[in-house]
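I opened this notebook to keep a record of what I looked up in one structure, entry by entry. I begin with the chain as a whole and then move to its parts.

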Amino acid sequence: MNPPDIDKTVEEAAFKDAMSQVPAAVAIVMAEGGEIGAAGFTASSVCPFSASVPSLLVCVDHGTQSHRAIRAAERFTVNFLAEDQRDLAVLFATRGADKFDAPGVMRSVGGPPWIEGALASMTCVRHFASDVEDHLILVGLVTAVRCKGTNPLIWFDRDFASPVRVG
Ligand SMILES: Cc1cc2nc3c(=O)[nH]c(=O)nc-3n(C[C@H](O)[C@H](O)[C@H](O)COP(=O)(O)O)c2cc1C
C-alpha cells in the first residue's frame, strides 16, 4: 500500500518521545487461533471504538508472533490489567516466552484464553479486520465483560505505573 500523499511525517524518534508522555491502558490481547494455538501479547494500542455498538479497536504489529493467531481467530479477549499484574504485562511483551503456564492465565474450552484478576476482561467477536501499513487493525464487538474494581496498570514515560487521583 502506498503512503498517503501528505507532507513528510515526523521522525519516528520524535513521535515516540511525544507518545511516551501520553499515558495508556495496558491490556493483554489473547486468542486461540485454530491450528496455530493459543497466543497473546501486551498491547497499549487498544481503545473503545463505539459505546452505542459496544466495541474495541486493537492494533496488532505484523511483526508479533501472535498476529497470525489473532488474525485467524473469530473471537479474542482484551484483558485490561490491574496495577498488580505488571509481571504478566512483561511476560506477554516477551517474544518466545512460555506465556500460558503463568498464574492467572486461564484457558476455556472452545473459547479464547483470558486473564484472571484483570481490571476488565472483555470477550470480542471480530467485526472488522484490515491491514494498514505494518499493522492489523481489528474492531471487535464486545459480547461479555468481567470487571474487578481496582487500580489500573498504565504505560507512561516508557515504564509501567498506576494513576493517582487528584482533587
Ligand atoms: C506497554 C507495551 C505496549 C505494547 N503495545 C503493543 C500494541 O498495541 N500492539 C502490538 O502489536 N505490540 C505491542 N507491544 C509489543 C508486543 O507486546 C511485543 O512485540 C510482544 O513481544 C509480542 O509478543 P509475540 O511476538 O509473542 O506475539 C507492546 C509492548 C509493551 C511493553
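**Entry 1, the whole chain.** I started with contacts: among those between residues at least 6 apart in sequence, 65% join residues at least 24 apart. I note here that the model is a predicted one, and I read every value below with that in mind. Counting secondary structure elements, I found three helices and twelve strands in the protein. The radius of gyration came out at 16 Å, close to the 15 Å that the globule rule gives for 167 residues, so the protein is as compact as a globular protein of that length. Along the principal axes, the C-alpha trace spans about 50 × 45 × 40 Å. I also looked up burial, and 29% of the 167 residues count as buried.

**Entry 2, the annotated span.** I checked UniProt, where an unreviewed entry lists residues 19-162 under "domain: Flavin reductase like". In the model, the C-alpha atoms at the two ends of residues 19-162 lie 17 Å apart, and the span is 10% helix and 51% strand.

**Entry 3, strand β6 and its partners.** I turned next to β6, residues 75-80, and asked how many of its six residues are buried. The count is five of the six, and I therefore put the strand down as mostly covered, 20 or more other C-beta atoms within 10 Å being the mark of a buried residue. I then followed the pairing of β6 with two other strands. Strand β2, residues 27-32, is joined to β6 by five bridges, and the two run antiparallel; within this pairing, I28 has N79 of β6 as its bridge partner. Strand β9, residues 120-132, is joined to β6 by six bridges, again in the antiparallel sense. On this side N79 is bridged to S121 of β9, while F80 has A120 of β9 as its partner. I marked N79 because it takes part in both pairings, with I28 as one partner and S121 as another; as a general point, strands of a sheet pair through backbone hydrogen bonds, either parallel or antiparallel.

**Entry 4, the hairpin of β9 and β10.** From β9 I went on to β10, residues 135-147, and found twelve bridges joining these antiparallel strands. One of the bridges I looked up sets V125 against L141 in β10. The two strands form a hairpin with two residues between them, and E133 in the turn has a positive phi of about 50°. I kept a note of that angle for comparison with the next entry, since most residues other than glycine have a negative phi.

**Entry 5, the open sheet and its loop.** I then traced an open sheet of three strands, in the order β1-β11-β12, with antiparallel pairing. The edge strands are β1, residues 24-25, and β12, each of which pairs on one side only. Between β1 and β11 I found two bridges in the antiparallel sense, and A25 has I154 in β11 as its bridge partner. Which residues in the loop between β11 and β12 have a positive phi without being glycine? I found D157, which lies in the loop between β11 (154-156) and β12 (159-161) and has a phi of about 55°, and R158, which lies in that loop too and has a phi near 60°. On burial, D157 is exposed, with 10 other C-beta atoms within 10 Å, and R158 is likewise exposed, with 10 other C-beta atoms within 10 Å.

**Entry 6, the surroundings of the ligand.** I listed the residues around the ligand and counted 16, of which the closest are A43, S45, D61, Q65 and S66. The elements that give two or more residues to this shell are β3 (38-43) and β5. By class, the shell divides into seven nonpolar, seven polar and two charged residues.

**Entry 7, A51.** My last entry concerns A51, which I located in the loop between β4 (46-50) and β5 (55-61). Is A51 buried or exposed? With 7 C-beta neighbours inside 10 Å, A51 counts as exposed, because the limit for that class is 12 or fewer. I also looked up its separation from V142: the two are 91 residues apart in sequence, and their C-alpha atoms are 9.9 Å apart in space.

Note on methods
Residues numbered from 1 in each chain as written. Predicted model: local features only at pLDDT ≥ 70, side-chain atom pairs only at ≥ 80, totals over all residues. Near = placed C-beta within 6 Å. Nonpolar A, V, L, I, M, F, W, Y, C, P; charged D, E, K, R; others polar. Pairing = 2+ DSSP bridges. UniProt positions renumbered as here; feature names shortened; annotations may be inferred. Rg over C-alpha atoms; globule rule 2.2 N^0.38 Å. Contact = placed C-beta atoms within 7 Å.
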